[in-house]
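Welcome to the tour. Please have your viewer open and your selection tool ready, and we will go from the whole chain to single side chains.

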Amino acid sequence: MHGTRILEEADRLMTVCNSCRYCEGLCAVFPAMEMRRAFSDGDLNYLANLCHSCGACYTDCQFSPPHEFNVNVPKTLAMARAESWAAYAWPRALSGLFARNGVAISIICALSVAAFLFGFAAFTDPRVLTGVHTGAGAFYALMPHSAMAALFSAAFLYAIVALTMSARAFWRDIGEPIGVSAGVSLWQATRDAGRLRYLDGGGVGCFNEDERPTDRRKIYHHLTFYGFLLCFAATSVATLYHYLLAREAPYAWWDLPVVLGTLGGVGLVIGPAGLLAERSKRDSALIDRARTGMDVAFILMLMLTGLTGLALLLLRDTAAMGALLALHLGVVFALFITLPYGKFVHGLYRYLALVRYAAERRMTERME
Ligand code: SF4
Ligand code: SF4
């Protein structure tokens with residue numbers, strides 16, 4: 001007996017697949033499945049988070065609908081995956097945010113932008129919002145740097161604590177202590193995650209409605225992921241500039257934080273736009289429709305982060321700077337505080353699943 005109906009269905013499918021084994025070369029899910037004869041809830045959550053939803057095993061399967069076995073591994077694992085994120089959420093009281101996630105994130109984002117607009121006007125002279133501010137420290141005419149740093153540090157710290165607690169619950173449920181090969185497994189998982197090794201349907205690409213595999217989903221995912229990392233690096237370098245070199249933002253076009261932020265911003269616009277386009281072409285049989293809001297909300301939040309950041313860079317010397325700063329900070333603040341309760345967590349859980357897979361593989365190889 002399993003905790004949910006979806007886990008019951010995942011168990012049924014994994015039992016069928018374990019007898020068939022036709023797809024064992026497609027990704028990490030099937031070799032990991034073959035290491036087991038029975039599946040606990042934790043095992044199924046592990047396999048679900050190992051799946052990259054490429055769709056290859058659905059297209060290749062001789063038992064997919066209309067066959068009576070009704071085997072749809074990508075969709076069932078996508079549903080189990082989303083359920084697992086809510087189940088491991090910390091604190092548990094906020095796990096409900098995973099349901100109707102698109103609505104929740106939209107409301108939080110709107111409130112956050114409104115709070116920055118109101119805050120800028122209320123805590124300084126309301127005219128600063130439409131004024132022209134230039135030169136070093138221009139942003140801090142609207143909000144003191146100390147207040148900005150304290151607010152975003154608190155939001156970031158909260159996100160880190162919540163994600164760590166969720167990851168701990170997931171790891172306890174799926175794993176065991178890694179032991180002496182921990183470093184090797186972490187490195188292997190980092191390499192596999194960094195190049196999205198299993199998002200390629202066994203080497204041909206992701207499958208869409210027309211059943212013609214393509215690498216576009218992987219390319220847009222790379223642009224999004226590395227765009228996000230570059231933006232994070234830009235913020236980190238700017239923080240070092242501020243505290244170590246006593247240099248205040250905004251910086252010149254050629255300064256490192258701006259170069260990193262611009263490249264990251266472009267990635268965060270093109271990548272999410274491409275992911276949305278690719279999503280619209282996917283075979284509807286593969287998609288968990290109940291999670292459309294969560295998927296789209298996260299992609300849009302990343303795109304808005306890139307777009308508002310680039311708009312702020314372009315128009316920072318004009319009267320639009322105040323409103324754009326409120327918009328950008330509002331979006332980024334909402335993104336930070338909702339990181340533990342949205343699609344962002346797929347990266348964390350998938351990474352941990354890859355670590356466990358690498359450890360299991362090494363253990364199996366040693367025993368052979
Ligand atoms: S998805 Fe279908 S073809 Fe692939 S292993 Fe499972 S039952 Fe076999
Ligand atoms: S959808 Fe792709 S990644 Fe997921 S189980 Fe099937 S082949 Fe593996």
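Which pattern does the protein chain follow when read along the sequence? Colour by secondary structure and you can read it off: α-α-α-α-α-α-α-α-α-α-α-α-α. That is 13 helices and 0 strands in the protein chain. Please keep in mind throughout that this is a predicted model.

**Stop 1: the whole chain**

Show the C-alpha trace of the protein chain and turn it along its principal axes, where it spans about 70 × 45 × 40 Å. The radius of gyration is 22 Å, which agrees with the value near 21 Å that a compact globule of 368 residues would have. Now switch on the surface: the accessible area of the protein chain is about 17,400 Å², and carbon and sulfur atoms hold 65% of it. Of the 368 residues, 49% are buried. If you draw contacts with a separation of 6 or more, 76% of them in the protein chain join residues 24 or more positions apart.

**Stop 2: ligand 1**

Select ligand 1 and the residues around it: Val16, Cys17, Cys20, Arg21, Tyr22, Cys23, Phe30, Cys57, Cys61, Gln62 and Phe63. Helix H1, residues 5-20, gives the largest share of this shell, with 3 residues. Colour the shell around ligand 1 by class and you will find 9 nonpolar, 1 polar and 1 charged residues.

**Stop 3: ligand 2**

Move on to ligand 2. Which residues surround it? The shell is made of Leu26, Cys27, Val29, Phe30, Cys51, His52, Ser53, Cys54, Gly55, Cys57, Val73 and Pro74. Phe30 and Cys57 deserve a label here, since you have already met both around ligand 1 and they appear again around ligand 2. At least two residues of the shell around ligand 2 come from helix H2 (29-34), and at least two from helix H5 (73-88). By class, this shell has 9 nonpolar, 3 polar and no charged residues.

**Stop 4: aromatic rings**

Next, show the Phe, Tyr and Trp side chains, whose rings make 16 aromatic pairs. Zoom in on tyrosine 88 and tyrosine 349, a tilted pair with 6.1 Å from centre to centre and 50 degrees between the planes. This pair links distant parts of the chain, with tyrosine 88 in helix H5 and tyrosine 349 in helix H13 (residues 345-367), 261 residues apart. Are these two tyrosines, tyrosine 88 and tyrosine 349, buried or exposed? Both are buried.

Now select tyrosine 241 and tyrosine 251: their ring centres are 5.2 Å apart and their planes meet at 85 degrees, so this pair is edge-to-face. Tyrosine 241 sits in helix H9 (residues 216-244), and tyrosine 251 lies in the loop between H9 and helix H10 (256-281), 10 residues apart. Tyrosine 241 counts as buried at 13% relative accessibility, and tyrosine 251 does too, at 8%.

For a group of rings, select Phe116, Phe120, Phe152, Phe156, Phe232, Phe333 and Phe336, which ring pairs link into a cluster.

**Stop 5: leucine 44**

Finish at leucine 44, in helix H3 (residues 41-50). Its relative accessible area is 1%, so leucine 44 is buried. Leaving out residues up to four places away in sequence, leucine 44 touches His2, Leu7, Ala10, Asp11, Met14 and Phe39. For a last distance, draw a line from leucine 44 to cysteine 206: C-alpha to C-alpha they are 23 Å apart in space, and 162 residues apart in sequence.

How values were computed: Residues are numbered from 1 along each chain as its sequence is written. Chains are lettered from A and ligands numbered from 1 in the order in which they are written. This is a predicted model: local features need pLDDT of at least 70, side-chain atom pairs count only at pLDDT 80 or more; totals for chains, interfaces and linings use all residues. Side-chain values use heavy atoms; hydrogens and water are left out. A residue is near a molecule or strand if one of its heavy atoms lies within 4 Å of it. Helices (H or I, at least four residues) and strands (E, at least two) are DSSP runs, numbered from the N terminus. Ala, Val, Leu, Ile, Met, Phe, Trp, Tyr, Cys and Pro count as nonpolar, Asp, Glu, Lys and Arg as charged, and the others, Gly among them, as polar. The radius of gyration is taken over C-alpha atoms; the globule rule is 2.2 Å times the number of residues to the power 0.38. Buried means under 20% relative accessible area, exposed over 50%, partly exposed in between (1.4 Å probe, protein chains only). Contact means heavy atoms within 4.5 Å. Accessible areas come from the Shrake-Rupley method with a 1.4 Å probe; for residues, only the protein chains shown count as cover. Rings of Phe, Tyr and Trp (its six-membered ring) pair if their centres lie within 6.5 Å; planes under 30 degrees apart count as stacked, over 60 as edge-to-face and the rest as tilted.
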